[in-house]
Structure formats: structure tokens, C-alpha cells
Amino acid sequence: MNKTIKTISVLLVGSLITVGCGGNEDQTWSEDHELSDISFPLEEEVSLKFLTESSSLAPEDPNDKLIYERLEEETGVEIEWRSFVGEAFGDRRNLAMSSGEMPDAIKNAGYSDYELLELANDDAIIPLNDLIDDYMPNLQSVLEKAPEYESMMTAEDGNIYAFPWIEELGEGKESIHSVDNFPWINVEWLEELGLEMPTTTDELKEVLIAFRDNDPAGDGQTIPMSFIINDGGQDPSFLFASFGLGDNWDHTVVTNDGEVKLTTAEEGYKDAISFMNELYEEELLDVEAFEQDWPVYVSKGEEGRYGMYFTWDKGNVTGMNDTFDLMPPLEGPDGHKNVARTNGMGFDRSRMVITSANENLELTAKWIDQLYDPHQSVQNNWGTYGDEEQQNIFAFDESEDMLKHEDLQGTAPVELRERTSVGGPLAILDSYYDEVTTMPDDAAWRLGLMEEVMVPHMQADNIYPNVFHTVEELDRLSSIEADLIPFVQRKKAEWISNGEVEEEWEEYLEELERLSLSEWLEIKQAGYDRATE
């Protein structure tokens with residue numbers, strides 16, 4: 001799902017949510033255990049009532065997961081879960097917050113910034129600052145080692161309303177999130193046809209023509225280039241950076257002078273679209289690229305039909321073999337070479353909230369703090385060890401006090417993760433690798449490619465940070481983006497196929513202004529300036 005549209009839809013859902021006030025006398029789901037000065041394990045077991053989202057691959061009762069079984073033994077706290085899958089979770093979460101049966105807390109909450117602030121304004125969730133200061137040494141330790149996260153957690157009113165998920169895998173330009181849409185090219189076909197790895201956009205065009213004319217897939221099945229337009233990692237916008245600032249999934253970049261730009265309003269963007277239209281006119285692009293979904297995209301990759309395609313990890317589309325290799329960034333017609341950075345990072349602001357119905361704040365805070373213990377965070381994120389009933393993602397080396405990733409022998413890591421991990425609030429810092437845990441093989445491989453192939457050509461020193469906008473800003477951003485983003489994405493697809501970008505460009509820029517581009521840039525710039533001051 002396209003990330004920009006997903007963000008917009010969450011914001012709009014937030015504007016519709018109806019929440020109950022913290023003083024509602026009918027909120028009877030929570031009970032007061034009258035505990036203070038708590039240390040684990042408790043002398044007598046007590047319970048807390050949480051609502052959560054879970055994977056369809058996971059046990060129906062979260063307490064059947066080994067991670068939660070161990071937590072209950074270690075703390076003496078039984079969690080009474082209400083667990084829901086997929087879209088049902090959002091509906092039940094909103095109902096619980098408005099019906100008078102609020103849980104003590106919501107884990108894997110998934111709230112947008114807008115929703116968090118609206119819930120806080122209605123006293124449905126509570127500020128967490130004092131709880132963190134008084135009862136949460138593990139989280140405090142994380143924030144001391146990486147203080148930048150505290151500002152990301154904190155709203156403009158100075159309060160923290162949710163516990164975050166943090167997963168570091170490289171930093172700065174070398175972060176694993178710096179580029180979503182890696183361009184994978186069929187090096188077996190290059191060798192078979194006596195071609196070199198392309199180094200310019202013109203050379204890429206000639207390579208794709210050779211793929212088309214020689215049909216290495218056979219029977220006319222060759223697809224020189226495929227993608228899924230406007231679909232994050234599957235979008236072809238990696239190529240756009242050969243013509244200027246480039247593009248990314250939220251169409252937002254920051255210049256080295258600290259100026260926020262909408263990528264789709266830049267002159268280089270127009271030139272990139274014209275290049276893509278040249279490829280379209282030569283019948284080098286997948287005719288289904290403007291409408292296909294992920295399963296179709298993968299199936300054609302598995303059938304060996306692609307000369308080139310885009311995705312995060314080739315293993316998901318064409319397998320972890322030597323058929324495809326990562327294509328380096330290309331020089332454009334004027335010799336320009338660049339890799340546009342995304343604004344992604346391993347940080348989610350709202351992985352858990354505590355509701356105003358909670359009568360056991362110290363107990364709840366201390367239980368949540370266990371999730372920020374380094375060894376616990378690693379397991380919560382990926383899975384555990386020592387499970388005798390199913391495959392483990394880790395082995396625990398007692399002599400080194402380290403969780404070491406196991407050879408999964410072909411099992412998809414994401415599938416095992418969804419069955420055994422619990423997500424939620426956690427923190428994995430770069431300093432944990434080789435101390436607390438090993439780095440996953442697939443992540444280490446991708447980071448190596450990033451450092452070797454991409455980082456040397458990243459011209460941007462800045463990304464747009466994870467800004468915690470105000471409610472008023474979010475109101476305007478969501479309203480503007482509801483029209484602006486669909487418009488630019490529609491024109492992108494249209495222009496690649498119809499070639500009318502030059503003729504329509506000035507009219508297009510005028511329409512962007514009519515759709516409040518200047519106001520959007522002003523709000524985004526203000527947020528950037530606050531976050532980086």
C-alpha cells in the first residue's frame with residue numbers, strides 16, 4: 001500500500017474517531033490493585049487488561065506465545081488480552097475507547113499523531129512523562145544513549161502520550177531505510193547478451209532495448225522493466241535522481257540549505273518523467289505496471305520474465321540467487337548522479353498508550369518498562385529462543401549473554417516473526433549488535449549494499465525528520481494532502497504513458513498552487529525548523 005495514501009487515510013480516520021472522557025463513571029473494565037513500591041516478581045499474581053492487534057499467523061490468545069509466558073513468570077502479572085486481527089482491531093479499539101469499557105492500555109496501538117493528540121485532548125489517554133521519570137529505568141537508559149528520540153516522542157505541549165518502537169539498523173546515510181526501491185537488474189541476461197552494467201540513463205535505455213529485441217525469457221514473455229507505480233519500494237522513482245533532487249515515497253526532500261521541497265514540483269522531476277515516457281514509447285515498460293498488485297508483480301518475477309524491477313529485497317520477488325544484482329545509480333544526460341534518500345527511519349511514535357481508566361499506573365509502567373530491557377526488546381521485535389513446539393529465530397548463548405540468529409533453513413523470516421514476536425514498544429540500538437544480539441543476515445547484506453553502492457552518491461545531507469506536528473497543522477496537512485497527493489500521483493502515471501508533461505507543466509504548477517502547495521510547504525518547513533533547531 002502506498003505509504004503517503006496510508007498516512008492520509010489514518011489521519012482522516014482520526015478525525016472521525018469519537019472517544020470517551022477519562023471521567024466516565026461507566027469505565028469498569030479496570031480494577032485497582034492498590035499496589036505501590038512494586039518490584040518483580042510480585043508476591044501475589046495480579047492482572048492488567050490490555051487490548052492489542054495481532055497477526056493472523058499468531059495464536060488466538062497472545063498468552064500462548066512463549067515471550068508472554070516468560071513475562072508472566074518474571075513479573076507475576078497476568079495480562080488479560082482482547083486481541084484482534086487486521087481491520088477488526090481498529091474498529092474494536094475505537095469502540096473500546098468510546099463505549100465505557102476502556103482497557104488499561106492499548107498495545108500495538110497504531111494511532112496517528114492526530115488521533116493521539118485528540119485522545120489526549122479528550123482525557124482518554126494520559127501523559128507519560130512522570131511515569132517514565134519515576135518507574136521506567138530501561139526506557140530512561142535508551143533515551144540517555146539516544147536522546148534524539150525523546151524529542152520525537154514529545155508533543156508541542158511538552159507531553160509524551162505514547163511509548164515508541166525503535167529499531168536502529170545503521171544511521172545517517174547508511175541507515176537501512178535510506179532507500180526503499182532498490183533497482184534490481186538481470187545480470188544473467190546482461191552476460192548472455194554481452195552487455196555491460198549500465199552507468200547512464202542512455203545506456204540503461206539501450207540495455208532495455210536489447211532485452212526487448214532478444215527476448216531472453218522466450219516466447220515473447222520478456223518484460224524489460226517492471227514496477228508498481230506510486231507504490232513505495234516498487235515505484236521506479238529511484239531513476240528520477242539522475243535528473244535532479246529525485247523523488248521518494250512521500251515526495252518530500254530537504255536541500256542541504258535546509259529548505260523543504262515537494263519533489264514533484266521540481267524541474268528535474270519533469271525531465272525524469274520525460275525519460276520514463278521515452279521508455280514507454282519504446283515498449284520497454286510493463287504494460288501492467290500502472291495497475292498490477294503485489295501478487296501479480298511477484299508471480300511474473302518468479303516466472304523469470306523481468307530484465308529489471310524495483311523492490312526492497314530481491315528475495316521477495318526473484319529469490320536470493322545470482323540472477324539479479326543491484327544496479328548502481330546512473331548519470332543523467334548532463335552527467336548528474338544522485339541517490340535520493342527516503343524519510344523513513346526505524347521509529348514509530350505510538351506503539352502503546354495508557355488509558356485514563358487505568359487504576360494501576362505504577363504497575364503498568366513497570367511492566368511496560370520490561371519491554372525496553374535490551375534482551376527483551378530483541379525478542380519482542382524478532383521472536384524468541386527455546387521454544388520446543390516450533391522453530392526458533394534465536395539461540396541463546398549463555399556464556400556470551402547474547403541472542404544469536406539461527407539459520408532458518410528456508411523459512412521466511414517475516415512468517416516466523418509474525419508467529420512468535422509480539423512487537424509493541426521496544427528499543428534496539430545499533431550498539432546492541434554484537435553485544436546483545438547478532439544482526440539478521442538479510443539486514444547485514446542490505447546494509448552492505450547500501451554502503452557500497454548507494455551511500456557514495458547520496459548528495460542530500462538531510463532528511464525530513466519524524467516531526468510531531470500540532471493538531472492544527474495536522475488538520476491542514478491532511479486536508480491539503482487529500483487532494484494534492486492523489487493529483488500528483490495521477491499525473492505521474494498519466495504523463496509516463498501519454499508524454500504530455502512538457503505541454504502541461506505550467507498548468508500543472510498552477511494547479512499545485514490552487515491545491516495549497518505553498519501552505520503545505522510552509523507547514524512542513526515550520527515543522528522541520530522546530531525539529532532541527
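**View 1. Helices α7 and α18 help line the second largest pocket.** In this predicted model, α7 (148-153) and α18 (517-532) each supply at least two residues of the pocket's lining. The volume of this second largest pocket comes to about 850 Å³. Its lining is made up of 38 residues, and if you want to find the middle, look for E148, M152, M345, I463 and P465, which lie nearest the centre. Sorted by class, the lining of the second largest pocket holds 12 nonpolar, 15 polar and 11 charged residues.

**View 2. The largest cavity is lined by 21 residues.** Searching the whole structure turns up three cavities of 30 Å³ or more. The largest cavity, the subject of this view, has a volume of about 150 Å³. Good landmarks here are N181, S237, D247, N248 and W249, the lining residues that lie nearest the centre of the largest cavity. Its lining has six nonpolar, 10 polar and five charged residues.

**View 3. Strand β4 is mostly covered and pairs with strand β10.** β4 spans residues 163-167, and five of its five residues are buried. Both faces of the strand are covered: F163, W165 and E167 are buried on one side, while P164 and I166 are buried on the other. Strand β10 (residues 347-354) pairs with β4 in the antiparallel sense, over three bridges. To follow this pairing, start at F163, which stands opposite M352 in β10. β4 also pairs with strand β13 (residues 426-428), this time in the parallel sense and over three bridges. Here E167 of β4 has I428 in β13 as its bridge partner.

**View 4. Y297 and Y309 meet edge-to-face.** The whole structure contains 23 aromatic pairs. One of them, formed by Y297 and Y309, is edge-to-face, with 6.3 Å centre to centre and 80° between the planes. This pair links distant parts of the chain, 12 residues apart: Y297 belongs to helix α11 (residues 294-302) and Y309 to strand β8 (residues 308-311). Y297 counts as buried because its relative accessibility is 0%. Y309 likewise counts as buried, at 0% relative accessibility. Take a look around the pair too: W294, Y297, Y306, Y309 and F324 form one aromatic cluster.

**View 5. F487 and Y508 form a stacked aromatic pair.** The two rings are 5.6 Å apart centre to centre, with 25° between the planes. F487 lies in helix α16 (residues 471-498) and Y508 in helix α17 (residues 501-514), so the pair ties together parts that are 21 residues apart in sequence. F487 counts as buried, with a relative accessibility of 12%. Y508 is buried as well, at a relative accessible area of 3%.

**View 6. Two charged side chains sit over aromatic rings.** The charged end of R446 sits over the ring of W312, at 3.5 Å from the ring's centre. For K524, the ring beneath the charged end is that of Y464, and the distance to its centre is 4.4 Å.

How values were computed:
Residues are numbered from 1 along each chain as its sequence is written. This is a predicted model: local features need pLDDT of at least 70, side-chain atom pairs count only at pLDDT 80 or more; totals for chains, interfaces and linings use all residues. Side-chain values use heavy atoms; hydrogens and water are left out. On a 1 Å grid over the protein atoms alone, a cavity is a set of points where a 1.4 Å probe fits but cannot get out, and a pocket is an open set with protein on both sides within 12 Å along at least five of seven lines; lining residues have an atom within 4 Å of a point. Grid points are joined across faces, edges and corners, and a volume is the space filled by probe spheres set on the points. Ala, Val, Leu, Ile, Met, Phe, Trp, Tyr, Cys and Pro count as nonpolar, Asp, Glu, Lys and Arg as charged, and the others, Gly among them, as polar. Buried means under 20% relative accessible area, exposed over 50%, partly exposed in between (1.4 Å probe, protein chains only). Helices (H or I, at least four residues) and strands (E, at least two) are DSSP runs, numbered from the N terminus. Two strands pair if DSSP finds at least two bridges between them. Rings of Phe, Tyr and Trp (its six-membered ring) pair if their centres lie within 6.5 Å; planes under 30 degrees apart count as stacked, over 60 as edge-to-face and the rest as tilted. A charge sits over a ring if NZ of Lys or CZ of Arg is within 6 Å of the ring centre and within 35 degrees of the ring normal.
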